[in-house]
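Visitor: I am new to this structure and would like to learn how to read a few of its features. Could we take them one at a time?

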Amino acid sequence: MSIWLIRSRRNCGNLLKTLICNSPTGNGRYEYSISGNPSASLFMARRYKSMEAEKELFSSKDDCKTSFEENHVHRLEYPGGKIAFTSEMNFLPGSYEERVKCYRLLDQDGYPILSNMPEHVGKELALKIYVNMVTLQTMDTLFYEAQRQGRFSFYMSSFGEEAINIASAASLSPDDHILAQYREQGVLLWRGFTLQEFANHFMGNKIGHGKGRNMPIHYGSKKLKYFTISAPLATQLPQAVGVAYSLKNDKKDACVVTYFGEGSTSEGDFHASMNFSAVLDAPIVFICRNNGWAISTPVTDQFRGDGIVVKGQAYGIQSIRVDGNDVLAVYNAVRSAREIAIKEQRPILIEAMTYRVGHHSTSDDSTKYRTKDEINHWRTVHSPITRFRKWIERNGWWTQNEDSELHIDVHKQVKNAIDEAEREEKPALKDMFTDVYEELPSNLIEQERSLREMIHRHPKEFPTNVPL
Amino acid sequence: MASIYQPVRATTTLTSSTLSSRRSLTERKVSFVVLRSGGVKDSGLKRICCRGDQFVTNAVAAKADTPAESTASKPGHELLLFEALREGLEEEMERDARVCVIGEDVGHYGGSYKVTKGLADKYGDLRVLDTPIAENSFTGMGIGAAMTGLRPIIEGMNMGFLLLAFNQISNNCGMLHYTSGGQFKIPVVIRGPGGVGRQLGAEHSQRLESYFQSIPGIQMVACSTPYNAKGLMKAAIRSDNPVILFEHVLLYNLKERIPDEEYVLSLEEAEMVRPGEHVTILTYSRMRYHVMQAAKTLVNKGYDPEVIDIRSLKPFDLYTIGNSIKKTHRVLIVEECMRTGGIGASLTAAITENFNDYLDAPIMCLSSQDVPTPYAGTLEEWTVVQPPQIVAAVEQLCQ
């Protein structure tokens with residue numbers, strides 16, 4: 001009895017399928033405009049008419065096969081697109097056994113992996129990259145030490161991440177906008193921020209760009225299109241979408257590049273920005289520095305799943321995982337990403353795998369939560385600078401002598417910059433009140449006046465090196 | 001001074017009028033006297049004249065009987081407050097191609113209160129942008145766009161949702177001009193409906209001006225009439241500072257006749273609604289109408305209140321307020337914020353600091369209670385200051 005019922009149901013199904021298949025396919029649910037303007041057509045495509053209830057759309061007649069299995073595979077036009085059905089219950093895995101592979105061009109000892117390497121990095125560019133990486137490392141070392149000596153308040157180094165900083169910056173154009181987190185001083189260095197400017201900013205003196213208002217690692221330069229760093233994590237990500245939105249409005253041939261650590265990807269702003277940028281077709285390159293640690297939180301406590309690169313797909317964004325300690329790989333990947341972002345007006349996600357060799361900041365002692373061996377291993381064996389140096393030396397572009405000279409020279413330059421910046425005057429008192437608004441409002445004028453009166457009456461209570 | 005925040009007890013003689021006015025409020029068919037101030041023809045900073053020439057009755061479109069005088073032959077055109085906002089917005093978008101709108105459902109839907117209706121059709125889907133639902137993120141997006149040269153207007157569907165954007169507003173919007181050493185400016189306008197009304201429940205009845213007032217670097221203004229709504233919208237867009245424009249859910253359908261010529265109001269000025277001699281009543285947004293209603297009763301009782309709509313919530317227009325206090329020597333603040341930490345609290349402190357010598361009586365501040373706004377209509381009404389309370393407060397002040 002039951003078998004008979006099943007068979008008749010199948011037959012009914014077949015009959016029904018044949019009947020319905022022969023009816024004309026429904027109207028497209030989406031209105032597409034065939035205009036020349038890509039963004040207009042995109043936005044037209046998003047509007048859709050509401051569906052008539054209970055009217056199923058079957059796919060084209062070709063799918064109307066007569067066999068049993070094929071009769072039961074049809075697609076339904078949901079809001080958002082056609083989806084096929086399956087009777088096999090299948091949970092997508094949270095992560096695959098094999099992690100997404102990492103793009104790399106130079107091996108651990110600086111030997112090229114491919115026989116025909118991409119030819120983008122010639123001698124001049126390679127040497128410039130190397131010099132900048134050494135400068136960055138020296139700058140980090142000396143500024144860190146200066147902070148330890150009490151000469152200024154706070155510093156964050158980028159040891160181990162020199163390749164990400166310099167190589168990515170090298171592949172961008174000066175028209176691109178940068179929104180960084182705080183460990184990307186190398187990008188600013190490449191763009192033209194001088195050592196003296198860095199030192200001025202860190203010392204908070206009156207010629208620094210920030211007029212002594214923000215923490216040492218919150219530098220920024222409008223001229224170099226590097227937005228001022230802001231402390232809360234991931235706030236630069238939606239702002240990057242806004243900058244890209246502005247570029248789209250102006251139809252500029254430039255993209256936005258935004259950097260963040262893997263810890264910041266836990267913030268809500270990361271997810272919303274990825275989503276926004278995909279929906280908006282924004283020309284953004286998201287570069288995630290996955291350096292393994294968020295202060296003391298290892299990645300295993302930060303997220304599950306295979307890192308950041310797989311998250312891109314969830315938002316409809318093309319993504320790639322890159323060896324962050326390989327200059328050539330980073331350079332190539334960012335260069336291509338930038339091209340795609342601008343030409344196709346879409347976001348790209350790059351996860352650069354690396355390791356945070358230094359402490360999180362001058363307020364941190366990372367030996368408390370990780371072993372010295374681990375740190376040393378990554379500092380020596382996987383050093384991006386050593387690896388790249390081996391490659392340029394083997395190419396005959398660099399010698400040991402030149403290397404020692406460079407180190408000594410840069411060391412001197414940084415030291416001089418720090419000393420000079422320290423000698424400079426601090427910002428005047430009026431700079432405490434300017435730039436809060438475009439023009440000084442009455443309440444701030446009053447507050448400044450009352451402060452000056454206070455200083456006048458009790459001069460000994462106030463620092464002497466602040467000009468009034 | 002412990003006596004500042006005195007609770008006001010309604011006297012028994014007011015019961016009948018209390019009931020009738022409360023009933024009329026429930027039905028939301030009330031006619032208001034809106035003082036039109038004249039003489040504001042040119043652009044730039046404006047001083048609003050003290051005494052208006054015309055009285056325009058019927059500020060609410062729902063009222064059936066329109067008096068004959070407010071028709072045809074007068075100059076200007078009549079519109080509702082949300083239309084005035086839209087007009088201001090449209091004029092600025094026409095004038096400056098960098099002005100854009102970002103928010104949820106602002107595009108082809110026209111905004112949840114129809115302030116952006118028709119703009120997407122006119123200016124395109126990119127310039128009037130519909131965003132996914134992430135307030136912190138689209139506020140951040142607006143900030144990023146502003147730092148790159150655009151002038152975005154960020155709409156919060158309800159002001160309460162902008163609490164999600166607090167991080168971007170406080171840490172970035174208000175600060176980045178300062179911390180970047182003046183390199184990056186952020187000329188955004190953040191606007192949206194707030195306030196109590198329409199029985200929307202506690203989460204949709206927030207008064208965000210309390211929470212935002214401390215943030216350095218931002219300006220806050222509250223509009224209350226179609227005239228000042230359009231003027232403040234235009235001024236906010238033209239300002240290079242980040243400005244938060246507070247609108248009220250119940251005021252969107254106010255009707256008024258506004259000039260045909262272009263005008264821009266000053267963001268830092270208060271509006272003299274009704275000059276008087278006996279007491280200064282400081283208020284803003286919807287409470288202005290409750291105050292004016294109470295003013296009618298007070299006039300009948302022989303009092304002459306001076307009503308000022310402070311409009312500028314940050315910074316306060318202490319010039320106008322101070323002049324008024326020097327004349328009347330008595331201050332009553334009527335606000336919709338909660339008692340603790342509201343605009344009234346800050347205003348009380350500012351007045352006490354600056355004009356203590358001119359006061360003949362302690363400052364009285366009428367605010368909402370420190371409770372989440374209830375949903376039930378009667379309870380919701382009682383969280384908001386009602387005209388009888390205002391009348392009683394004035395009587396107490398003028399004893």
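Visitor: Why do the ends of helix 8 of chain B lie 18 Å apart?

Guide: Bear in mind that this is a predicted model. Helix 8 of chain B, residues 226-238, has 13 residues, and because a helix is expected to rise 1.5 Å a residue, the span should be 18 Å, which agrees with the 18 Å between its end C-alpha atoms.

Visitor: Is helix 8 of chain B mostly covered or mostly open?

Guide: A residue counts as buried when its relative accessible area is under 20%. By that cut-off twelve of the 13 residues of helix 8 of chain B are buried, among them Pro226(B), Tyr227(B), Leu232(B), Met233(B) and Ile237(B), as well as Lys230(B) and Lys234(B).

Visitor: Which stretch of chain B does UniProt list as a domain?

Guide: An unreviewed UniProt entry lists residues 79-254 of chain B as "domain: Transketolase-like pyrimidine-binding". Over those residues the chain is 35% helix and 18% strand, with the end C-alpha atoms 8 Å apart.

Visitor: How is empty space found, and what volume does the largest pocket have?

Guide: Rolling a probe the size of a water molecule over the atoms shows where empty space is left. Here the largest pocket has a volume of about 1,500 Å³. Of its 46 lining residues, the closest to the centre are Tyr437(A), Pro441(A), Ser442(A), Asn443(A) and Pro315(B). The elements that give two or more residues to this lining include helix 8 and helix 10 of chain B, while the largest share, seven residues, comes from helix 16 of chain A.

Visitor: What classes of residue make up the lining of the largest pocket?

Guide: The lining has 20 nonpolar, 16 polar and ten charged residues.

Notes. Residues numbered from 1 in each chain as written. Chains lettered and ligands numbered in written order. Predicted model: local features only at pLDDT ≥ 70, side-chain atom pairs only at ≥ 80, totals over all residues. Heavy atoms only, no water. UniProt positions renumbered as here; feature names shortened; annotations may be inferred. Helix = DSSP H or I, 4+ residues; strand = E, 2+ residues; numbered from the N terminus. Expected span 1.5 Å × (residues − 1). Buried < 20%, exposed > 50% of the residue type's maximum accessible area, 1.4 Å probe, protein only. 1 Å grid on protein atoms, 1.4 Å probe; cavity = no way out; pocket = protein on both sides within 12 Å on 5 of 7 lines; lining within 4 Å. Points joined across faces, edges and corners; volume = space filled by probe spheres on them. Nonpolar A, V, L, I, M, F, W, Y, C, P; charged D, E, K, R; others polar.
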